[in-house]
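Please read the report below alongside the sequence and the model, following each residue in turn.

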Amino acid sequence: MSNKYNLDRETYRAIKKMDRVQLEKILTDVYVSGKEDAESGYIDLSELKSAIGQIKGIGENRLNEIMDVIQNFVDNADNAEKK
């Protein structure tokens, strides 16, 4: 996540001088930016499977069980967002 919004002294003074409409616009922009950053959280499941497979003691069967659990969580999260 990038730090686009830095509250330095100049920004602080500008905010103090804003009216309600200007401040609402700034806050809405910050909110939308944060929401977009949160929604862009993408995980490559094939890379994740490969990384988990490198752990000593994780065989093919256990790896498939772990990936099934992860896939269920991802699917449930996607379904909850659509509601």
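## Glu 65 and Arg 62 in helix 4

In this predicted model, Glu 65 counts as partly exposed, because its relative accessibility is 43% and the partly exposed class runs between 20% and 50%. Glu 65 forms a salt bridge with Arg 62, and the closest N and O atoms of this pair are 2.9 Å apart. Both residues belong to helix 4, where they sit 3 residues apart, about one turn of the helix. Arg 62, with a relative accessible area of 48%, is likewise partly exposed.

## Two salt bridges in helix 2

The count of salt bridges comes to 3, and the pairs described here lie in helix 2. Glu 24 forms a salt bridge with Arg 20, with 2.6 Å between the closest N and O atoms; because the two residues are 4 residues apart in helix 2 (residues 20–39), about one helical turn separates them. Glu 24 has a relative accessibility of 40% and counts as partly exposed, whereas Arg 20, at 59%, counts as exposed.

Lys 25 forms a salt bridge with Asp 29, the closest N and O atoms being 3.1 Å apart. Here too the partners are 4 residues apart in helix 2, so that about one helical turn lies between Lys 25 and Asp 29. Lys 25 is exposed, with a relative accessible area of 54%, while Asp 29, with a relative accessible area of 34%, is partly exposed.

## A positive patch

Arg 9, Arg 13, Lys 16 and Lys 17 together form a positive patch on the surface. Of these residues, Arg 9 has its place in helix 1, which covers residues 9–17. Arg 9 is classed as exposed because its relative accessible area, 53%, is over the 50% cut-off.

## Ile 58 between two helices

Where does Ile 58 lie with respect to helix 3 and helix 4? Ile 58 is found in the loop between helix 3 (45–53) and helix 4 (60–82). When residues up to four places away in sequence are not counted, Ile 58 touches Ile 52, Gly 53, Leu 63 and Ile 66.

Is Ile 58 buried or partly exposed? With a relative accessibility of 24%, Ile 58 counts as partly exposed, because a residue is called buried under 20%.

Terms used:
Residues numbered from 1 in each chain as written. Predicted model: local features only at pLDDT ≥ 70, side-chain atom pairs only at ≥ 80, totals over all residues. Heavy atoms only, no water. Patch = residues over 30% accessible without salt bridge, like charges linked within 9 Å, V, L, I, M, F, W, Y side chains within 5 Å. Areas by Shrake-Rupley, 256 points an atom, 1.4 Å probe, with all protein chains shown as cover. Salt bridge = Lys/Arg side-chain N within 4 Å of Asp/Glu carboxyl O. Lys, Arg positive; Asp, Glu negative; His and termini not counted. Charge placed at Lys NZ, Arg CZ, Asp CG, Glu CD. Buried < 20%, exposed > 50% of the residue type's maximum accessible area, 1.4 Å probe, protein only. Contact = heavy atoms within 4.5 Å.
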